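Work through these exercises with the model open beside you. Try each task before you read its solution.

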Amino acid sequence: MTYMLVNQRDLEYLTTIDEQGSFVSAALQCNVTQPALSNQVRRIEERLGLVLFERLQNGVKITQAGQKVLDSARDVLCQMRDMADVVRACQDPLSIPVKLGFFPTLAPYAVPLLCTALRESCDGINMVFSEAFSEQLIEQILNKDIDAAMLALPVNVEGIDTVPLFVEDLYLVTPKDHPLADLPSVTEGDLPLSELILLDKGHCLRDQALNLCNDSSVGADIPADLRATSMETVVQYVAHGFGCTLMPALAVQRYAKHETDCRFIKIDSDRFNRTIAFAHRTGCPRSCLIPPIVDAVKGTFPEDVISFIAA
């Protein structure tokens, strides 16, 4: 039967070739020689009776049949990794590091707090942190590259469950000499939409700001070539009078402690906030470790800055 014609190593060879786009790069990745890899793939193709890759001068191209085989191969490899995790988790739940992801406008402010929380409340859990855009984190969860991620809701993706953690208000940040700078708070109608500096595409905070403001004038007075890939860059732009921005509360807490030429103004609105949750794959064998991490977060993150969501 066909499913007996390939083994795990064969599947790893095939998926690596597809990912690398060439036999040379795939051979390096798999720690074998290029001729050995090519010969093994030919044997696999002969056993299956299918041509999986078209050999080109500058690489390889997967065939239609090959794509179907590769999709199935990835599913099988994921299931095998899941089974290995289940076995190891049953033997010792803390033996495998828990891999957590964060998006860029949360990571610098949440990771230090979470590290403190885990040291105090979750002794023995080995954590590995990574940072990526929200869409990439969702893909990493589904591909089993990470166990969970702190994401801004909503996350309406099949195969991913969420555990809401807290609500974080957004603040208006202005230069110190801005007409709104001395106000204790502003309303939605006061927001200087045309002066708002937004992060580059890919940041979920950018998308959220555009959705909340819902106005074509957002950023109209900001030069089109003024770019910002991090909150730190945006703060520098604001401090030097290039415009204003919206900033989440945990970041405000960090920057407000330091001497800057910015003012951080509360927005009187029930809409200008974001809800942060832990997201993990449905049925993930490591999901049993999420509740103690959630408890650690709720025991360490500042209650005067964010609003926790009851379980």
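Five exercises on this structure follow.

**Before you start**

This is a predicted model, where local features need pLDDT of at least 70, side-chain atom pairs count only at pLDDT 80 or more, and totals for chains, interfaces and linings use all residues. Residues are numbered from 1 along each chain as its sequence is written, and side-chain values use heavy atoms, with hydrogens and water left out.

**Exercise 1. Overview**

Task: Find how many helices and strands the protein has, and where confidence is lowest and highest.

Solution:
- Step 1. Count the elements. The protein has 10 helices and 11 strands. Helices (H or I, at least four residues) and strands (E, at least two) are DSSP runs, numbered from the N terminus.
- Step 2. Take the extent. The C-alpha trace spans about 75 × 50 × 30 Å along its principal axes.
- Step 3. Check burial. Of the 311 residues, 45% count as buried. Buried means under 20% relative accessible area, exposed over 50%, and partly exposed in between (1.4 Å probe, protein chains only).
- Step 4. Read the confidence. pLDDT is the predictor's confidence in each residue, from 0 to 100. The average is 89, and 93% of the residues score at least 70. Helix 4 (residues 64–91) is lowest, with a mean of 80, and strand 8 is highest, at 97.
- Step 5. Keep a caution in mind. Where pLDDT is low, the predicted coordinates should not be read in detail.

**Exercise 2. The partners of strand 6**

Task: Work out which strand 10 residue is the bridge partner of D169, then trace the other pairings of strand 6.

Solution:
- Step 1. Use the pairing rule. Two strands pair if DSSP finds at least two bridges between them.
- Step 2. Go to strand 10 (273–281). Strands 6 and 10 run antiparallel, joined by 9 bridges. D169 has N273 as its bridge partner.
- Step 3. Go to strand 9 (residues 262–268). This pairing with strand 6 is antiparallel, with 5 bridges. Y171 is matched with K266.
- Step 4. Go to strand 8. Strand 6 (residues 160–175) pairs with strand 8 in the antiparallel sense over 4 bridges. Here L170 is matched with P248.
- Step 5. Go to strand 11 (residues 307–308). Strand 6 is joined to this antiparallel strand by 2 bridges. V167 has S307 as its partner.

**Exercise 3. Two faces, two sides**

Task: Decide whether the faces of strand 8 are covered, and which residues of helix 10 are buried or exposed.

Solution:
- Step 1. Recall the pattern. In a regular strand the side chains alternate between the two faces of the sheet.
- Step 2. Apply the pattern to strand 8 (residues 245–248). T245 and M247 are buried on one side, and L246 and P248 are buried on the other, so both faces are covered.
- Step 3. Turn to helix 10. Its buried residues are I290, I293, V294, A296, V297 and T300. They lie on the same side of helix 10 because they cover an arc of only 160 degrees around the axis. The arc is that of the directions from the helix axis to the C-beta atoms.
- Step 4. Look at the other side of helix 10. D295 and G299 are exposed there.

**Exercise 4. The cavity**

Task: Find which residues line the largest cavity.

Solution:
- Step 1. Fix the terms. On a 1 Å grid over the protein atoms alone, a cavity is a set of points where a 1.4 Å probe fits but cannot get out, and lining residues have an atom within 4 Å of a point.
- Step 2. Count and size. The structure holds 1 cavity of 30 Å³ or more. The largest cavity has about 70 Å³ of space. Grid points are joined across faces, edges and corners, and a volume is the space filled by probe spheres set on the points.
- Step 3. Name the lining. Its residues are I197, L198, L199, L205, R206, A209, M231, V234, T245 and L246.
- Step 4. Assign elements. Helix 7 (204–213), helix 8 (231–239) and strand 8 each give two or more residues. Helix 7 gives the most, with 3 residues.

**Exercise 5. Unusual backbone**

Task: Find where the residues K144 and N214 are, and whether they are exposed or partly exposed.

Solution:
- Step 1. Know the usual case. Most residues other than glycine have a negative phi, and most peptide bonds are trans.
- Step 2. Take K144. Its phi is positive, about 70 degrees. K144 is in the loop between helix 6 (134–142) and strand 5. At 24% relative accessibility, K144 is partly exposed.
- Step 3. Take N214. Its phi is near 50 degrees. N214 is in the loop between helix 7 and helix 8. N214 is exposed, at 66%.

Technical notes. 1 Å grid on protein atoms, 1.4 Å probe; cavity = no way out; pocket = protein on both sides within 12 Å on 5 of 7 lines; lining within 4 Å.
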